[in-house]
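Student: Could you take me through one part of this structure at close range? I would like to see how its helices are placed and covered.

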Amino acid sequence: MIVNEKIAIDHGLKKDEYKKICELLKRNPNITELGIFSAMWNEHCSYKSSRLHLKKLPTKGKQVIQGPGENAGVIDIGDNDAIVFKIESHNHPSFIEPYQGAATGVGGIMRDVFTMGARPIANLNSIHFGSSQHKKTKNLLRGVVHGIGGYGNCMGVPTIAGQTSFDSSYNGNILVNAMTLGLVKKDKIFYSKAAGLNKPVIYVGSKTGRDGIHGASMASASFDDKIEEKKPTVQVGDPFTEKLLLEACLELMAGDSIIAIQDMGAAGLTSSSIEMASKGNLGIEINLNKVPCREAKMTPYEIMLSESQERMLIVLENGKEEQAKKIFDKWNLDFAVIGKTTKSKKIELFFDNEKVADIPINTLVENSPMYDRKWKKAKLPKKNKINKDDINNLKIIEVLKKILTNPNICSKEWIWQQYDHTVMGDTIQKPGGDSGVVRVHGTNKAVAASVDSSAVYCWAHPLTGGKQVVCESFRNLISVGAKPIAITNCLNFGSPENEENMGEFVECVQGIGEASSYLKFPVVSGNVSFYNQTKDQGIKPTPSIGGVGLINDYTKMITMDFKEVDNVVLVIGKTEGHIDQSLFARVILNEKNGPPPEINLFNEKNNGETLLKLIDSNLIKSAHDISLGGIITAISKMCIKGNKGINLKKPKYLISEIEYFFAEDQGRYIVEISKKDQKKVLDILNKNAVHYDELGTINENVLFLNEKTKVTIDELEEFNTKWLKEYMSN
Amino acid sequence: MKSAVITFPGSNCDRDMDVALKKFGFKNKMVWHQEVELPKSDLVVLPGGFSYGDYLRCGSMASKSKIMQSVINFANSGGMVMGICNGFQILVETGLVPGVLLRNKYLEFICKNVFVKIRDKNNAYFKNIKNNVLELHIAHNEGNYFCTNDQLKEIEDNAQIAINYCDNQGKIEKSFNPNGSIKNIAGIFNKEKNVLGMMPHPERMIEPSLSGEDGSLFFKNLINNIK
């Protein structure tokens, strides 16, 4: 086939980009080569619109072993233990085919983690759907949940936390972000950098089929009316094979025969072979006839672009092939020597004794396009003037019931009960808390992880929203008693070619950078997903932040359930009464404008660190961060989980009860302490200049407000649990 | 006491079972499915997971594994064999215990704590457990136990029902049945009661910081009652 500009454009390349390819090669590419360029130069693989901005993120820290640029980030948790983790999007395929899209998202991220030698120990996910009224939402939700469970459960890795939201901006583009944590010995981490000449290049895992061809290109474009036609670009997952691949790889990794290893994810054999060669500053030669294929008569083009799952590429030490093959034979997996490293610094492909591709590696990687896209700075919206009379007439308990029933607040038990969250026998905090927590097997340490996003805040003001998400992640870790260490981010946005969307991206990244730098909470891995839009309708900017923290002594872990009658409940952090962009404003006042709550990084850090000190001194019985729905929503959840009530009293502030209880000011926590410790706790808070309010004391089973209004905890629980169950059973 | 846990391709609770058995004093060995002979053992465990991906039918391929002939011989000669979750599915496929395990009634995977009532203590598995009700953990997609009316009569006549789903007081009612299984059956014995298949995972409930510790009662009793 003669390649021309039109075919290049059909591959998602721009005119200029095609011109540049011809210049770099000093000739026209053939079809296989064009396929390779289109795979390497698309947004998903090349980060061409985002690279410039991602460079500004803080990525270093005392405990960071590996920052962005590898299969996943790595942090040091002491005693020669390290945690490998990353979050990744699988948005486009999940909208087209929710089960397989979500399943292969989970499979892909686990592969990224075990490629580095780590055994996966926990999965998390952040999933976002359109309005609950939208006709597609229910089936998409069911399919995605089944897909995540189908893959993770079979792998035997617990799914310990997650986040689900509903917003009409996702009607045409749902988000599925999957995160995995793995545990590895610090001196047994594997990287993707090839080294040495004439080293055998090994293909292991599943056979290559025609599934997922152009998956990465599909994920680099907007949807139109014909998305259903794109179903064949969705990969099909086989968690059983991945489980075998995991065990086989870890068995091989126990020895010393691997030089470099890279999973075949987006853009399959193309990106994995090129990345390994590029990092090692080497060339690579592959005989495509040696690649194990599932289907007959696959062309070089198809073999190179297939995104069949559960495959790995390994560069081995010479002479170790037989020993390695034995392991893969034991696990019934394909093993083939398909090529070798060379000094050519080119990728050279052979098929039926002919050279079918010959491309200098640097043209694919270093010379790939990078754009400084135009972007528009967002203005901070004006504060709304809230009519005090309107809100003072509201009955708090009735408002609370509405908030607890809201899809974005209600209990997500229907979802996480479908995920195995206890396999591996180390889950000490299951989904539904502020963070999931798993023990580091056989030690006193535990790792906490949380995944967060606040699209509404980011939409209202990207810079503030970006900071807020990082802070919320920080709080969720502290609430369980974990010291926050590092984050991974999944940046879900509309089209970078639209100035406003690009502005949202740039400013969210700036916000994330500022907060993570101030909190010493660096970014060690992540991915960018642009083009989450249908025609010209983009999603609300949704950066998801996956935070990881460490608990040195797992017996000190904190949960949010209220523990004991007569204990005292405090709010840590100051409540100013910020109602704009709160759930209360949207659900009760039907008000969508105004600025998000301000972030004060000093208070955020000071409040959090002081709370950690209190936890470490065994002075905290339960804790929960205050987020969507404000103080009273957080309190209700603590009551429901602990099956206890509370006598609530609003402190004598100038703001009204409604503002006090539903405001979404940041940097706040609810904590439970025992009466005998009260003086000690208040002294420490005062000494550290941390603002606090005394809210009341715990009782048997009723929420009393100012001694007059009341509601039973059973009733609150019913309101909190009914919506999702009823929605999914209709 | 010596135990053996069989690892099939796709087993994923084999390590958890190994940890639990060792914690309560068993000398445990892991046995690969392609072995022919079992090591000398007092207890053989078929662990949970997704053997062979649960493709074809849960447990059916594993039931034909090389090692299984020797497991079947061991059971038939009176040896103690316990199948948990996927292990239970493998046991029904071998015919060592009667019945089948269908997909959960609501077609969804369920992972949560449940209460089970011990129905019969005249066997080594439950003999000296003081409690009549245990809080255990389930995590499965195909735990909906089913058998024919004739089989059910036989099972009941022989007191082969080991545990039923119930509430925390031991009340066995439909509303406490998580998966639609017939008569709330969560676990059954063979006629001789040396073979036990059950859906709940006692190995996930062996410490207070986990989902609970009633699993400890089960293992402590087990090691004390194996001959």
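Tutor: Happy to; here is a walk from a helix pair in chain A to the side facing chain B, then to one more helix and two loops. This is a predicted model, in which local features need pLDDT of at least 70 and side-chain atom pairs count only at pLDDT 80 or more, while totals for chains, interfaces and linings use all residues. Residues are numbered from 1 along each chain as its sequence is written, and chains are lettered from A and ligands numbered from 1 in the order in which they are written.

Let's begin with the helix pair. Helices here are DSSP runs of H or I with at least four residues, strands are runs of E with at least two, and both are numbered from the N terminus. Helix H7 (residues 98–114) of chain A packs with H10(A) at an angle of about 5°, and their axes are 11 Å apart. The axes are lines fitted to C-alpha atoms over the stretch in contact, with angles running from 0 to 180 degrees between N-to-C directions. That angle makes H7(A) roughly parallel to H10(A), a label for angles under 35 degrees. H7(A) brings A:Gly107, A:Met110, A:Arg111 and A:Phe114 to the contact, and H10(A) brings A:Pro239, A:Glu242, A:Leu246, A:Cys249 and A:Leu250. Contact requires C-beta atoms, placed from the backbone, to lie within 7 Å.

H10(A) also matters for the next view. In all, 21 residues of chain A are in contact with 23 residues of chain B. Helix H8 (137–155) and helix H10 (239–253) of chain A are the elements giving two or more residues to this side of chain A. The largest share, four residues, comes from H10(A).

Now for helix H11 (residues 268–280) of chain A. Its 13 residues should span 18 Å at 1.5 Å a residue, and its end C-alpha atoms are 19 Å apart, which agrees; the expected span is 1.5 Å times one less than the number of residues. Of these 13 residues, 12 are buried, meaning that 20 or more other C-beta atoms, placed from the backbone, lie within 10 Å of a residue's own. Among them are A:Leu269, A:Ile274 and A:Met276. After H11(A) comes A:Asn281, with a positive phi near 55°.

Two loop residues round off the tour. A:Met424, between helix H17 (413–416) and strand S14 (427–429) of chain A, has a positive phi of about 85° although it is not a glycine. A:Met424 counts as buried because it has 24 C-beta neighbours inside 10 Å. In chain B, B:Cys85 lies in the loop between strand S4 (80–84) and helix H3 (86–94), with a positive phi near 60°.

Notes:
Two residues are in contact if their C-beta atoms, placed from the backbone, lie within 7 Å. Angles under 35 degrees count as roughly parallel, over 145 as roughly antiparallel, 65 to 115 as roughly perpendicular and the rest as oblique.
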